[in-house]
Amino acid sequence: MTDLQVKCFLQVARCLSFTRAAKELFISQSNISRQIATLEEELGLALFDRNTKGVKLTRQGQMLNESLSEMVAEWNRVLARAKNSIRKYNGSITVGCQEHIKANSYISQVLSGFRECRPEIQITKERCTQKKLVDGLLNDYYDAILIADHDVKLVQGVEKLTLYDSQVGIVVHKKHRLFYKKDVKLSDFKDSVFLRYLPMKLKPEDDYLHKICGAFGFEPRIAAEFEDFEEILFAIEMGDGVSLVFEEDEVTSNRNLRFIPIEEDVPQKFLPMQLTRRTKNKNPALNDFFLFAKQYSNLHRKQHV
């Protein structure tokens, strides 16, 4: 059993789709199929049932998936601790942020200012998806992440510092009948198909989509849910539905999309973008960085009042 076979098996088991697994691993579908077939031959087990309706795990596949998932998670935790042990822990920080242009630009400015004050501290910054950010934080790979409050609402054992608020609005494709309408409001979309961005399993009463639509007097008719922002953005670009998202350059600069800010006084019309850390992380450099980020955020907000 090779590392690649394990990665392919776990990804297909998660997606229940060879095509989607190949896309997320950036390898060909034929290679995915070959790796799974070789693994099944080596183990003498059928791991997946394949038919015209799709793919599902066999009983043996479910057992292997549970065990391997636990082993890989533990391996990642051990590896993260090992990496931290060989670096100057008290003199370095690793920060992750979402791939969005606005979030990346903001945290880069904060880190630049912090480096001017503390040039001796080694700083590493990475951009990745929301799920990888949360996993990296919980596995002690990241000291802190900049992420929307909506993405970490259920995460336990963390401290959060709001750096700025991102406005929520409805985004609609130009093929939609209301794309060119003036003075359009969210209530005009009550009969439209909605796409829901759902990075974690929130109850409807905790989700900003349901809260804001409820304030306009209707429940959204949800056609699909997405864990990854890039996936929901692509679905919107394909005209599969409308959605409530927070304001980002990837949306506002797209000529095929229209971003309509929620101007009315409703719950969660702004989503806090938060610098998030694990409570148990006692890295002194991280403490100093949070203090600096708080001062930077306060100054930045005063300048825009």
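What covers the buried residues of α3? That is a good place to start with this predicted model, and the points below move from there to the cysteines, the largest pocket, the strands around β6 and two backbone angles.

1. The answer for α3 includes α1 (3-15), α2 (18-25) and β1 (48-51), which cover its buried residues. Those buried residues are Asn 31, Ile 32, Gln 35, Ile 36, Leu 39 and Glu 40. If you look at the numbering, the spacing will be familiar: an α-helix has 3.6 residues a turn, so residues three or four places apart point the same way.

2. The geometry of α3 itself is easy to check on screen. The helix spans residues 29-43, 15 residues in total, and its first and last C-alpha atoms are 21 Å apart, close to the 21 Å expected at 1.5 Å a residue. Right after α3 comes Gly 44, with a positive phi near 70 degrees.

3. Next, have a look at the β1 and β2 hairpin. The two strands pair in the antiparallel sense through four bridges, and two residues make the connection from β1 to β2. Across the pair, Phe 48 sits opposite Leu 57 of β2. Strand β2 (residues 54-57) shows alternating side chains: Val 55 and Leu 57 are buried and point to one face, whereas Gly 54 and Lys 56 point to the other face and are not buried.

4. Why are there no disulfides here, given Cys 8 and Cys 15? The structure holds zero of them. A disulfide is a covalent bond between the sulfur atoms of two cysteines. For Cys 8, the closest cysteine sulfur is that of Cys 15, and at 11 Å it is too far for a bond. Seen from Cys 15, the closest cysteine sulfur is the one in Cys 8, again 11 Å away and too far for a bond. Both cysteines are covered: Cys 8 counts as buried because its relative accessibility is 0%, and Cys 15 counts as buried because its value is 13%, under the 20% cut-off.

5. You will probably want to see the largest pocket. Its volume is about 2000 Å³, and 42 residues line it. Nearest its centre lie Gln 11, Leu 25, Lys 131, Lys 132 and Asp 135. The elements that supply two or more residues to this lining are α1, α2, α4 (59-86), α6 (130-138) and α8 (229-237). Of these, α4 gives the most, with 12 residues.

6. While you are at α4, please look at Glu 66, which is placed in that helix. Is Glu 66 buried or exposed? Its relative accessibility is 52%, so Glu 66 counts as exposed. Along the chain, Glu 66 and Leu 10 are 56 residues apart, yet their C-alpha atoms are separated by 9.3 Å.

7. Moving to the strands, β6 (158-173) deserves a point of its own. This strand is mostly covered, with 12 of its 16 residues buried. How many bridges link β6 to β11? There are nine, and the two strands run antiparallel. In that pairing, Asp 165 stands opposite Pro 272 of β11.

8. β6 has further antiparallel partners. With strand β9 (residues 243-246), β6 shares four bridges, and Gly 169 has Val 245 of β9 as its bridge partner. With β10, the antiparallel pairing of β6 covers five bridges, and there His 173 is partnered by Leu 257 of β10.

9. Finally, two backbone angles that a careful reader may want to inspect. Most residues other than glycine have a negative phi, and most peptide bonds are trans. Asp 183 has a positive phi, near 55 degrees, in a residue that is not glycine. Asp 183 sits in the loop between β6 and β7 (193-197). With a relative accessible area of 72%, Asp 183 is exposed. Gln 268, also not a glycine, has a positive phi of about 60 degrees. Its place is in the loop between β10 (257-261) and β11 (270-278).

How values were computed
Residues numbered from 1 in each chain as written. Predicted model: local features only at pLDDT ≥ 70, side-chain atom pairs only at ≥ 80, totals over all residues. Heavy atoms only, no water. Expected span 1.5 Å × (residues − 1). Buried < 20%, exposed > 50% of the residue type's maximum accessible area, 1.4 Å probe, protein only. Contact = heavy atoms within 4.5 Å. Pairing = 2+ DSSP bridges. Disulfide = S-S within 2.5 Å. 1 Å grid on protein atoms, 1.4 Å probe; cavity = no way out; pocket = protein on both sides within 12 Å on 5 of 7 lines; lining within 4 Å. Points joined across faces, edges and corners; volume = space filled by probe spheres on them.
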